[in-house]
Amino acid sequence: MSTLMESTRELVQRLQSGETAVSLTQSCLNAITSRDAAIHAFVRPIADGALADAASVDGRRQAGETLSPIAGIPIALKDNICTQGVATTCSSRMLEDFIPPYDAHVVTRLREAGAIIIGKTNLDEFAMGSSTENSAIGPTRNPWNTAHAPGGSSGGSAAAVAAQFAPLALGSDTGGSIRQPASFCGVVGLKPTYGRVSRYGLVAYASSLDQIGPFARDVEGAALLFDVIAGHDERDSTSVNRPVPKCWDTVNQPLTGLRVGVAKEHFGAGLDTEVEAATRKAIEVYRSLGATIVDLSLPHSKYAIAVYYLIACSEASSNLARYDGVHYGHRAEKFSNMIDMYKASRAEGFGAEVKRRVMLGTYALSSGYYDAYYLKALKVRRLIRNDFDAAFEKVDVILSPTSPMPAFKVGEMSDDPLKMYLADIYTISANLAGLPGISVPAGMSSSGLPIGLQLLAAPFEEERLLRAARMFENATDWSRRSPELNH
Amino acid sequence: MANYTTIIGLEVHVQLLTNTKLFCSCPNRFNPDNPNVQTCPVCLGLPGALPVLNREAFKLSLKTAMALNLELARFTKWDRKQYYYPDLPKGYQTSQFDLPFSSKGYVEFDMPSGELKRVRLIRAHLEEDAGKNIHDESGRGADSQVDLNRAGTPLLEIVSEPDIRSAEEARLYLEEMRLLLLTIGVSDCNMQEGSLRCDANVNLHIHENGETIPTPIVEIKNLNSFRFLEAAIEYEVKRQLGQWEKERKRLGDVDAPKTTRGYDPDRGVTVLQRGKEGAADYRYFPCPDLVPVVVSEEELAAIRATLVEFPSARRRRYCDQLGLSAYDAQVIVNQGNEFAAYYDAVVAICGDGKLAANWTTQDVLRQTNDRRETLAQFPVTAEILGTLLSKVAKNELTIKAARDVFAALLAEADEEKPISKERIDAIVTEKGLATISDTGAIDAVINAVVARNEKAAADVRAGKQQALGPLVGQVMKELKGADAKVVRQMLIDKLSS
């Protein structure tokens, strides 16, 4: 029997009433040791460091110190978040030996709050992908059915929480990379507003879209973790300086007069019928909770995928230029001159999907193409944001499926990148518009795979977003389901 | 030989004098002996590190733009200029592309002909400097190394229109630019250390049969001294002319691309570095890690309030208000801010601009050069010199007596005696140098000298002017501190009456 079946609040209470962080951490490490071979959620667990940190938290608690509610709770980090002295690989051969000399801002915040960093999780190389198959160390499996993918790119973090290796995890979301794997793995995943969480120490994929956010078994867990990582950091120029609400304290307060928007564009072709049915049911749940349902249109959302792949790939082509084999990272052994060294190091160090996106972005930024591709994409991005601004005049949250389908099988889509890109259709707009979004479990497919519900809110409305999501969670029991764990 | 005009545009690169680098808090210091010690995750381009703009560097940039008469943008942004090179750790340089913080300005300076030359500026923008590649110079082919101490140093790029017409003009332009930058204190402009360097774009306009034909443009990279700039351009003009006469290739011909050359000072020639196959594609795009900068009127006003007088305005003031010649004004101002400030302080005390100019440009400059002293080390402070010259201006001392006092002061300083303006009067008394303005006393000596030299006196009376000199000399000998001019006039008056 796992120790992580309880809600986040029960877990916090257990730690506050006698259970030691060491024993909790040890049970997580044991679970990883016994079961992660089948899931492959972790690039590397951090056993010794985690136990030492846990012992230190226990000492502080015994000394009577008042600790953050997160103190002593193990947390898994996506392996594109820098950890001082611990390899941060981005699941890439390019960075397999890269040991950052510094902690990411979120890691500093977690350490200060006493969270226990238990390991680094697998991802699509440099966060490019929707399945965690594009990893140099091999794919992560979905804990609900290991023939299926956990989604991505934060598939390792989503799977770690679903498989009860850790009660909490951090991922990063550039086009849905937190919300989509959360929906595939039946956990809660929150992408905060762009600028809400410092990106300092997050290895950049697409800087204007990337945002770090929490995974948890329930909305309360997401609120707890969000409170710790959110807030201004002067080392990130795009980090926004505004007060952060205490979501952990308010998450259980239902919203009265909640207005839920439903956009017709979110129920288009390609939407799985079971996912659609679960989403329609969720609408009825909100209606039964007293919410007003408002029909909406987001007319420019049909351009979101095209805009996303232009902007994300353009930024990626620039952000990944630093991996050239000169200063750190993989350097080819055989080369004949400097240009050849660059070529060989990058050819060997990057996987196919990374190369594809770097080439796409290099092309889009090239002289003669810039105006037609990148500049136009920026303009449409603004129109997408305008659609949302208009919508949030009328509603508090916008409800949709997180992904048009439940988890696909490992290998099912790897030969068709475009089909895989289209699976991001409902999540991508939030990144382009900089909005907060959350995925909560909202059903199960007939084949026993979780279905996720997405809620989006206006910028910096995470507190209301979490409360709205928590209302749904309390009215249903989807978050309390767990996959069968093979011991 | 073809009739031609030389066309030159300069790109000047200036490292700004900030405490820290442009996008991180590493120290901004020239430190070639300890490579890679002034580095951090940001300027090393480590994964996950992010830039934060150094507002001080931006302020210095605004200040510079004001001095260069540039128009300041109220909104400016940062762009990535992308290329691969080992000294560029991120694979891009954070720079400014289509919205630089300033554009359209000019620099003016005096030509030796006295003509005022104006060179228009296209723009000035702020960017980060690259690191430095260090290659094995022994010829044994050891690995090249990279020093990133310099990476991220704030660098201003100032681009001129092709308004410069000769190598000499190019040098004068760069000298004026350096003087201006030093005056406003934004850079140390140390050319050996690379804090001021420039690239010259050079071509010729050949005038032939009523037609003007531009030749292909050559960019001479990284000129780091005034002498090399001038010599490189002179060489390049001759080379391009020879090439024109041989090949007759025009700007824009498909087989005549813009090329880049370097200057080899040992051989005094420019050497081809690379042909530019079309324009390099830097794939500029807005840097998503930085936010645009909005410049407020208040900020500009605060910077404007810190501005000192620019060299051109100072020269004009010296000519218009102090009555100096353009040449003297140029000599004083071009010595730099410290020297001109010394001069200003002397004028403020003695009240005579021309007198102060003569003394500072001749006596002071000669002495500081001979003594190898900076003005700050020079014992005769502006206060002492100003006090001394005020006595000359009030006819209390002759120029000659003042020179004696000046020399005596320096001699005392060399004996490590403290000197001050109070010593002036003491020296005057000790050496009996005071101007004798008592005409009675002078008259008495004149009478005695005339009486002793009847023959010479008669010659003067007969109109032999050359006989006057020895008489003046004899009077002066007996009367230390008398004004020779006064003595001469009194003698003339006496002998013609």
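Me: In what order do the 3 strands of the open sheet in chain B stand?
Reply: Happy to start there, and note that this is a predicted model. The sheet is open and its pairing is antiparallel. Reading across it, the strand order is β5-β4-β16.

Me: Which strands of that sheet stand at the edges, each with a single partner strand?
Reply: A strand with a single partner has one side left without a neighbour in the sheet, so it stands at an edge. In chain B that is true of two strands, spanning 92–95 and 285–286. They are β5 and β16.

Me: Which residue in β5 of chain B stands opposite B:Asp79?
Reply: Strand β4 of chain B covers residues 79–82, and its pairing with β5(B) is antiparallel over 4 bridges. Opposite B:Asp79, in β5(B), stands B:Ser95.

Me: Which residue in the turn between β6 and β7 of chain B has a positive phi?
Reply: β6 (residues 102–110) and β7 (residues 116–128) of chain B run antiparallel, joined by 8 bridges. One bridge in this pairing links B:Asp110 with B:Leu116. The two strands make a hairpin with 5 residues between them, and the turn residue with a positive phi, about 95°, is B:Gly114.

Me: What is the bridge partner of B:Glu127 in β10 of chain B?
Reply: β7(B) also pairs with β10 (residues 154–160) of chain B, again in the antiparallel sense, and 7 bridges join them. Within β10(B), the partner of B:Glu127 is B:Leu155.

Me: How much area do domain 1 and domain 2 of chain B bury between them?
Reply: Chain B is divided into domain 1 (3–294), domain 2 (311–431) and domain 3 (439–496). The centres of domain 1 and domain 2 of chain B, taken over C-alpha atoms, lie 39 Å apart. Their contact brings 5 residues of domain 1 to 8 residues of domain 2. Carbon and sulfur atoms account for 53% of the buried area, which comes to about 600 Å².

Me: Which residues of domain 1 of chain B lose the most area to domain 2 of chain B?
Reply: Three residues together make up 66% of what the domain 1 side buries. One of them has appeared above, as the bridge partner of B:Leu116. The three are B:Asp110, B:Leu179 and B:Thr183.

Me: Which side chains meet in the salt bridge with a distance of 2.7 Å, N to O?
Reply: Across the interface of domain 1 and domain 2 of chain B there is 1 salt bridge. On the domain 1 side, helix α2 (residues 167–184) of chain B gives the most, with 4 residues. The side chains that meet at 2.7 Å are B:Glu176 and B:Arg315.

Me: How many residue pairs are in polar contact between chain A and chain B?
Reply: Moving to the two chains, their contact takes 39 residues from chain A and 31 residues from chain B. About 2800 Å² is buried between them, with 58% from carbon and sulfur atoms. There is also 1 salt bridge across this interface, where B:Asp289 meets A:Arg199 at 3.1 Å, N to O. The count of residue pairs in polar contact is 18.

Me: Which helix gives the largest share of the side of chain A that touches chain B?
Reply: At least two residues each come from α10 (304–319) and α11 (338–349) of chain A. By class, that side has 18 nonpolar, 13 polar and 8 charged residues. The largest share, 5 residues, comes from α10(A).

Technical notes:
Residues are numbered from 1 along each chain as its sequence is written. Chains are lettered from A and ligands numbered from 1 in the order in which they are written. This is a predicted model: local features need pLDDT of at least 70, side-chain atom pairs count only at pLDDT 80 or more; totals for chains, interfaces and linings use all residues. Side-chain values use heavy atoms; hydrogens and water are left out. Domain bounds come from an automatic or database domain assignment. Contact means heavy atoms within 4.5 Å. Buried area is the accessible area (1.4 Å probe) that two parts lose on being put together, summed over both. A salt bridge is a side-chain nitrogen of Lys or Arg within 4 Å of a carboxyl oxygen of Asp or Glu. Two strands pair if DSSP finds at least two bridges between them. A polar contact is a pair of N or O atoms within 3.5 Å; within protein, one must be able to donate a hydrogen and the other to accept it, and residues adjacent in sequence count only if both atoms are side-chain atoms. Ala, Val, Leu, Ile, Met, Phe, Trp, Tyr, Cys and Pro count as nonpolar, Asp, Glu, Lys and Arg as charged, and the others, Gly among them, as polar.
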